[in-house]
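Biologist: I have a structure open and would like to learn how to read it. Could you take me through it feature by feature?

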Amino acid sequence: MARSDVVATYSIVSCDLEAGQWGVAVQSKFLAVGSVVPWAEPRVGAIATQSYANPRYGPDGLALLREGRSAEEVVESLTASDDGRAERQVGVVDAQGHAATFTGEACHDWAGGRTGNGYAAQGNILVSQETVDALAVTFEQNGHLSLAERLVECLAAAQAAGGDRRGQQSASLLIVEKDAGYANLSDVVVDLRVDDHERPIVELRRLCGLHNELFGITPPEDWLTVDEALSAELGDRLGKLGYDGELGRAFNDWAGTENLEERVDGVERIDPVVLGALRKQSSSN
């Protein structure tokens, strides 16, 4: 990379073994940081490559993890074969949740990292070590949240602790899980990027909320049975929006237009999130 292309940033690579998810969250004073730093593969691991980033650390590291190498072994292998390792920074979490982080001695201060159960946190050109500590502590204290929510909270806490001493510009969130992405035909559960923004973490949080509204999963026991009264309400509200005819067809056509098709399964029962969206839209027309 050119000398001007230092990916000065803070990131956290992590996993939730119970959920079968691996993920990376990152923020930087760097354009489109999500195009360089995060790499993840379900049941394999997650990697963040930064500082004077070596993008090959991503695919090469995942290949090593796929062979069964530990996070520590992957970091050692990647850096040992890289003549530019003194300026590199990398964090790795493997399939078992073991973590390792590396900071080359030529990375710009403050630079460093720490690891814990299921995560590696690291950063460079930071205000202080408190940024990395905030990533770690926030991850450890928020095990009750989904991995996506947990990582967004980590970024917010790190920024509040000082963050990148050059400021903010971009942020990214990547979460993978086997066959849990769109239509269960993808492993990518969340892939959100804020490429250029004055407050990228605030914007990433907004996008994460919108993503959850469209693609989140409401437990089946919380879905509502569509009785005669609710069926009549659905027909009336859909009609106001121009979706007439047979209820099931009208409902599916509306949901598809609003990108809510992943939260619809017939018309005998309805996800309350979808019902709320329909009520809000039909009431505003």
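Biologist: Let me start with arginine 88: is this residue buried or exposed?

Modeller: Arginine 88 is buried, with a relative accessible area of 13%, because anything under 20% counts as buried. Keep in mind as we go that this is a predicted model.

Biologist: Which side chain does arginine 88 meet in a salt bridge?

Modeller: Here is the general idea: side chains of opposite charge can pair when their charged atoms come close. In this case arginine 88 pairs with aspartate 82, at 2.7 Å from N to O. Aspartate 82 is buried too, at 7% relative accessible area.

Biologist: How many salt bridges are there by this rule?

Modeller: The count comes to 14. A helpful one to look at joins aspartate 133 and arginine 114, with 3.0 Å between N and O. Aspartate 133 sits in helix 3 (residues 130–141) and arginine 114 in strand 7 (residues 112–116), so this pair ties together parts that are 19 residues apart in sequence. Both residues are partly exposed: aspartate 133 has a relative accessible area of 23%, and arginine 114 has 28%. Arg114 and Asp133 also belong to a salt-bridge network with Glu140.

Biologist: Where do arginine 237 and glutamate 233 lie?

Modeller: Both are in helix 6 (residues 228–240), four residues apart, which is about one turn of the helix. They form a salt bridge whose closest N and O atoms are 2.8 Å apart. Arginine 237 counts as buried, at 18% relative accessibility.

Biologist: Now the sheet. What is the order of its six strands?

Modeller: The order is 7-8-1-2-9-10, in an open sheet with antiparallel pairing. Strand 7 and strand 10 (188–194) are at the edges with a single partner strand each, so one side of each has no neighbour in the sheet. From one strand to the next, the twist averages 5 degrees.

Biologist: How many bridges join strand 1 to strand 8?

Modeller: Five bridges link strand 1 (residues 9–16) with strand 8 (residues 119–123), and the two run antiparallel. Take tyrosine 10, which is found in strand 1: its bridge partner in strand 8 is glycine 123. Tyrosine 10 is buried, with 0% relative accessible area.

Biologist: Which strands does helix 3 lie across?

Modeller: Helix 3 lies across strand 1, strand 7 and strand 8, and runs at about 160 degrees to strand 8. Helix 5 (residues 200–215) packs on the sheet as well, touching strand 1, strand 2 (21–28), strand 9 (170–177) and strand 10. The direction of helix 5 makes about 145 degrees with that of strand 10.

Biologist: Last topic, pockets. What volume does the largest pocket have?

Modeller: The general idea is that rolling a probe the size of a water molecule over the atoms shows where empty space is left. Here the largest pocket has a volume of about 950 Å³. It is lined by 36 residues, and the closest to its centre are Val189, Asn212, Phe215, Gly216 and Ile217.

Biologist: Which elements give two or more residues to the lining of the largest pocket?

Modeller: Those are helix 4 (147–160), strand 9, strand 10 and helix 5. Helix 5 gives the most, with six residues, and helix 5 is also the helix you saw touching strand 9 and strand 10.

Note on methods. Residues are numbered from 1 along each chain as its sequence is written. This is a predicted model: local features need pLDDT of at least 70, side-chain atom pairs count only at pLDDT 80 or more; totals for chains, interfaces and linings use all residues. Side-chain values use heavy atoms; hydrogens and water are left out. A salt bridge is a side-chain nitrogen of Lys or Arg within 4 Å of a carboxyl oxygen of Asp or Glu. Buried means under 20% relative accessible area, exposed over 50%, partly exposed in between (1.4 Å probe, protein chains only). Two strands pair if DSSP finds at least two bridges between them. Axes are lines fitted to C-alpha atoms, for helices over the stretch in contact, and angles run from 0 to 180 degrees between N-to-C directions. Contact means heavy atoms within 4.5 Å. On a 1 Å grid over the protein atoms alone, a cavity is a set of points where a 1.4 Å probe fits but cannot get out, and a pocket is an open set with protein on both sides within 12 Å along at least five of seven lines; lining residues have an atom within 4 Å of a point. Grid points are joined across faces, edges and corners, and a volume is the space filled by probe spheres set on the points.
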